[in-house]
Amino acid sequence: MKGVAVLGSTGSIGRSTLDVIERHPDRYRVVALAANRDVEGMLAQCRRHRPDLAAMADTQSAESLREAVAAEGLPTKVVAGEEGLARAATHPEVDQVMAAIVGAAGLPPTLAAVRAGKRILLANKESLVVSGALFMEEVKKAGVEVLPIDSEHNAIFQCLPAGARGALAEHGISRILLTASGGPFRTLAADALEKVTPEQACAHPNWSMGRKISVDSATLMNKGLEVIEAHWLFGAMPEQIQVVVHPQSVIHSMVQYVDGSVLAQLGNPDMRTPIAHALAWPERMESGVEPLDLFQVARLDFEPPDMARFPCLGLAFEAVNAGGTAPAVLNAANEVAVEAFLQERIGFTTIPRIIEQVLARQNPQAADSLETLLEADRHARVLAWEAVERNG
Ligand code: NAD
Ligand code: MG
């Protein structure tokens with residue numbers, strides 16, 4: 001029996017994870033849950049899964065949950081704040097941690113889980129974008145396994161031979177082909193992009209996801225963050241990663257070998273597949289996902305990404321090439337710009353403008369400590385909110 005902690009349990013990935021776990025009560029036990037402020041959602045999960053621990057980042061929400069849990073006589077201990085998140089991530093009965101908090105806020109508890117020697121199921125790509133080098137160093141030091149949940153990276157993981165991480169050329173690998181759906185505005189004209197609404201941006205054609213990653217998919221920043229994620233996870237140089245727009249989202253990514261072979265992983269676009277893969281690895285188990293019907297899919301299309309209409313992708317390549325604190329700055333500016341867009345304070349096409357302005361104002365420094373990275377993140381957020389004021 002494996003003990004699991006789900007960080008970000010009330011979100012899209014968190015709920016899909018609990019759905020998969022519920023199908024295998026003989027294999028997994030939910031030990032700890034963590035979220036931000038959705039008290040009702042967390043209370044329902046505590047009733048159903050009876051975890052030992054539930055953490056709410058927001059102190060007020062933790063207080064409300066504590067009262068509700070006590071009133072119902074549930075066995076769950078409620079903890080709060082950053083320390084509470086870390087306790088959920090490092091609970092002694094936890095073997096595997098699903099890291100599915102959104103944004104850089106997911107970094108501290110995920111790092112705590114690494115240091116505590118837990119197997120990491122990594123959905124929170126922002127952790128790697130902010131602190132890739134340090135994060136992977138800690139992973140190596142702790143000797144823990146990191147299984148990618150992001151569908152593309154999970155696909156790449158499945159298509160790579162064992163031990164290829166950081167040694168792609170030695171394993172005959174020439175390129176990683178990172179697929180992208182192209183998002184809801186793939187075919188929209190440049191001038192129409194200015195007027196799109198948050199609701200339109202969040203209506204993804206293939207995947208149902210949280211609002212932040214949905215906007216990221218619409219700007220292609222999601223793909224940019226994924227390039228950086230692949231760089232750190234697999235030791236691939238940015239020029240070894242080719243972004244391929246594939247609107248059907250049936251191929252979840254590919255690995256190209258020097259002999260001309262291309263290995264792909266296919267499946268219906270449902271995150272329960274990578275979640276079940278990572279939970280059970282190296283075994284396989286049922287996920288609840290419908291089997292792929294290729295006759296219904298009928299065709300697979302491919303096209304290059306349009307970097308002119310979607311400048312965020314180019315900005316991410318620039319940041320990873322600049323190195324140091326640049327990806328952390330890119331990520332922080334993006335989080336602010338996406339939030340401002342969701343609040344309807346700026347238009348869709350202002351998102352890349354804000355990120356570009358913040359990147360131009362903050363010189364990259366060496367990412368030699370977590371403190372330096374978190375300081376770059378904090379400073380970039382201040383600059384980004386100033387840019388929102390100027391551009392709003
Ligand atoms: P979501 O918005 O649906 O859920 C986010 C979760 O994080 C919620 O439980 C929320 O309570 C929690 N949270 C937010 N801020 C927090 C904070 N400060 N402290 C503690 N908890 C906090 O997001 P999602 O779509 O589930 O995405 C989660 C992560 O997984 C993101 O990093 C995203 O990029 C990645 N991801 C998601 C998908 C997907 O299909 N949804 C696919 C690939 C990767
Ligand atoms: Mg993805």
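## The four-stranded sheet

In this predicted model, four strands make an open sheet, ordered β9-β8-β10-β11, with mixed pairing. Strands here are DSSP runs of E, at least two residues long, and helices are runs of H or I of at least four, both numbered from the N terminus; two strands pair if DSSP finds at least two bridges between them. At the edges sit β9 (241–245) and β11 (262–266), each pairing on one side only. From one strand to the next, the twist averages 20°.

Strand β8 (residues 173–180) runs parallel to β9, and the two share five bridges. I176 stands opposite I241 in β9. Lying across β8 and β9 is α11, at about 150° to β8; axes are lines fitted to C-alpha atoms, for helices over the stretch in contact (heavy atoms within 4.5 Å), and angles run from 0 to 180 degrees between N-to-C directions.

## The magnesium site

Helix α11 (residues 221–234) also brings in E226, which coordinates the magnesium ion (ligand 2) along with D150 and E152, at 2.1 to 2.2 Å. Donors are N, O and S atoms within 2.8 Å of the metal (3.2 Å for Na, K and Ca); water is not among the atoms, so sites may look incomplete. Along the chain the donors are spaced D-x1-E-x73-E. D150 sits in the loop between β7 (146–148) and α7 (151–159), 76 residues from E226.

Both of these are buried (under 20% relative accessible area, with exposed over 50% and partly exposed in between; 1.4 Å probe, protein chains only): D150 at 8% and E226 at 1%.

## Reading notes

Residues are numbered from 1 along each chain as its sequence is written, while chains are lettered from A and ligands numbered from 1 in the order in which they are written. Local features need pLDDT of at least 70, side-chain atom pairs count only at pLDDT 80 or more, totals for chains, interfaces and linings use all residues, and side-chain values use heavy atoms, leaving out hydrogens and water.
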